[in-house]
Amino acid sequence: MLILVSGGAASGKSEYAESLIVRAGHEARTYIATMEIFDAEGERRAARHRAMRAGKGFTTLECPRGLREAALPSGGSALLECMSNLVANEMFGGAGAEGLPERILAGVLRLRERAELTVIVTNELFSDGIRYAPETEAYLAALSTVNRMLAEIADAVVEVVCGIPVVWKGKELL
C-alpha cells in the first residue's frame with residue numbers, strides 16, 4: 001500500500017505520516033531520510049524529526065538521492081521524508097532535471113514493491129502566490145509533476161491542514 005501525505009510547512013504532516021506507520025503495527029519500520037544537512041538550521045530540523053520518531057522503532061536509511069539504487073528494506077513499513085528534499089537533491093546535486101520524474105517514480109515503485117506499507121511525505125505547492133526565480137520555478141514544476149504522479153498511483157492521498165488530515169483519495173483505507 002502507498003499513501004501520499006501532503007501539507008504546508010509545519011502543518012503536522014510528518015507527525016501524521018509517522019502515526020500511520022506506527023498504527024500499521026509492523027515491527028520493521030524504516031525512515032528514509034532525504035534531507036542533506038548543510039548548516040545549523042538543517043541540523044536542528046533533523047534533530048527535531050529524530051526526536052519525533054524516538055522510541056517508535058524506526059531504523060533510519062539516509063537517502064538524499066538515488067532512491068532506485070538504495071538498499072531499501074524488504075517487508076514492514078517505510079516512511080520517506082520528504083519528497084521535496086529528494087527532488088531538490090536529484091535536480092540540483094544529482095543527475096539533473098532530465099528524466100527526473102521518471103527516476104523518482106522508478107525509486108518509489110521499487111520501494112512500494114519491497115515494503116508492505118509505504119508512506120511518502122511531500123509539500124503542498126503553489127498556494128503562496130509568489131513568483132520565484134526561474135530555477136526555483138523549474139524545481140516547483142518538477143516537484144508538482146512528481147506529486148501528481150505519486151497521487152495517481154497512491155492508494156490514499158491525505159493533505160494535513162493545521163494538524164487535521166483531509167483524505168482526498170482512499171477514505172476507506174485510512
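Reader: Where is A10 found?
Author: This is a predicted model, in which local features need pLDDT of at least 70, side-chain atom pairs count only at pLDDT 80 or more, and totals for chains, interfaces and linings use all residues. Residues are numbered from 1 along each chain as its sequence is written, and side-chain values use heavy atoms, with hydrogens and water left out. Helices (H or I, at least four residues) and strands (E, at least two) are DSSP runs, numbered from the N terminus. On that numbering, the place of A10 is the loop between β1 and α1.

Reader: What is the phi of A10?
Author: A10 is not a glycine. Its phi is nevertheless positive, at about 60°.

Reader: Which peptide bond is cis?
Author: An omega near 10° marks a cis peptide bond in this model. One residue of that bond, C82, sits in the loop between β4 and α3. The bond runs from E81 to C82.

Reader: What is the order of the strands in the open sheet?
Author: Two strands count as paired if DSSP finds at least two bridges between them. The open sheet has 7 strands with mixed pairing, and its edge strands, which pair on one side only, are β3 (58-62) and β7 (164-169). From one strand to the next, the twist averages 20°, with angles taken between N-to-C directions, from 0 to 180 degrees, of axes that are lines fitted to C-alpha atoms, for helices over the stretch in contact. The order is β3-β2-β4-β5-β1-β6-β7.

Reader: In β5, what is the bridge partner of L79?
Author: Strands of a sheet pair through backbone hydrogen bonds, either parallel or antiparallel. β4 (residues 77-81) and β5 (residues 117-123) run parallel and are joined by 5 bridges. In β5, L79 is bridged to V119.

Reader: Which helix lies across β4 and β5?
Author: The helix covers residues 83-93 and runs at about 75° to β5. It is α3.

Reader: Do β6 and β7 run parallel or antiparallel?
Author: On its other pairing, β6 is joined to β1 by 5 bridges, and those two strands run parallel; there I3 has A156 as its partner in β6. β6 and β7 form a hairpin with 2 residues between them, and C162 in the turn has a positive phi of about 50°. V160 has P165 as its bridge partner in β7. With 5 bridges between them, β6 and β7 run antiparallel.

Reader: Which element gives the most to the lining of the largest pocket?
Author: On a 1 Å grid over the protein atoms alone, a cavity is a set of points where a 1.4 Å probe fits but cannot get out, whereas a pocket is an open set with protein on both sides within 12 Å along at least five of seven lines; lining residues have an atom within 4 Å of a point. The largest pocket holds about 590 Å³ of space, a volume being the space filled by probe spheres set on the points, which are joined across faces, edges and corners. Of its 28 lining residues, R45, R48, H49, E81 and N85 are the closest to the centre. Among the elements that supply at least two lining residues are α1 (13-24), β2 (29-33) and α2 (40-53), and the most, 7 residues, comes from α2.

Reader: How many residues of the lining of the largest pocket are charged?
Author: Ala, Val, Leu, Ile, Met, Phe, Trp, Tyr, Cys and Pro count as nonpolar, Asp, Glu, Lys and Arg as charged, and the others, Gly among them, as polar. The lining has 11 nonpolar and 9 polar residues. The charged residues number 8.

Reader: Which element gives the most to the lining of the second largest pocket?
Author: This pocket has about 230 Å³ of space and 15 lining residues, with L4, S6, E124, N147 and V157 nearest its centre. The lining divides into 7 nonpolar, 5 polar and 3 charged residues. β1 (2-7), β5, α5 (134-153) and β6 (156-161) each supply at least two. With 4 residues, the most comes from α5.

Reader: Is the crossing of α4 and α5 left-handed or right-handed?
Author: The axes of α4 (residues 100-114) and α5 come within 10 Å and cross at roughly 35°. Their contact (heavy atoms within 4.5 Å) includes L100, I104 and V108 of α4 and V146, M149 and I153 of α5, and its residues divide into 11 nonpolar, 1 polar and 1 charged. A crossing is left-handed if the near helix is turned anticlockwise from the far one by less than a right angle, and right-handed if clockwise. The crossing of α4 and α5 is right-handed.

Reader: Which residues in α2 do S14, E15 and E18 meet?
Author: The axes of α1 and α2 come within 11 Å and cross at roughly 35°, in a right-handed crossing. The contact has 1 nonpolar, 2 polar and 3 charged residues. On the α2 side they are H49, M52 and R53.
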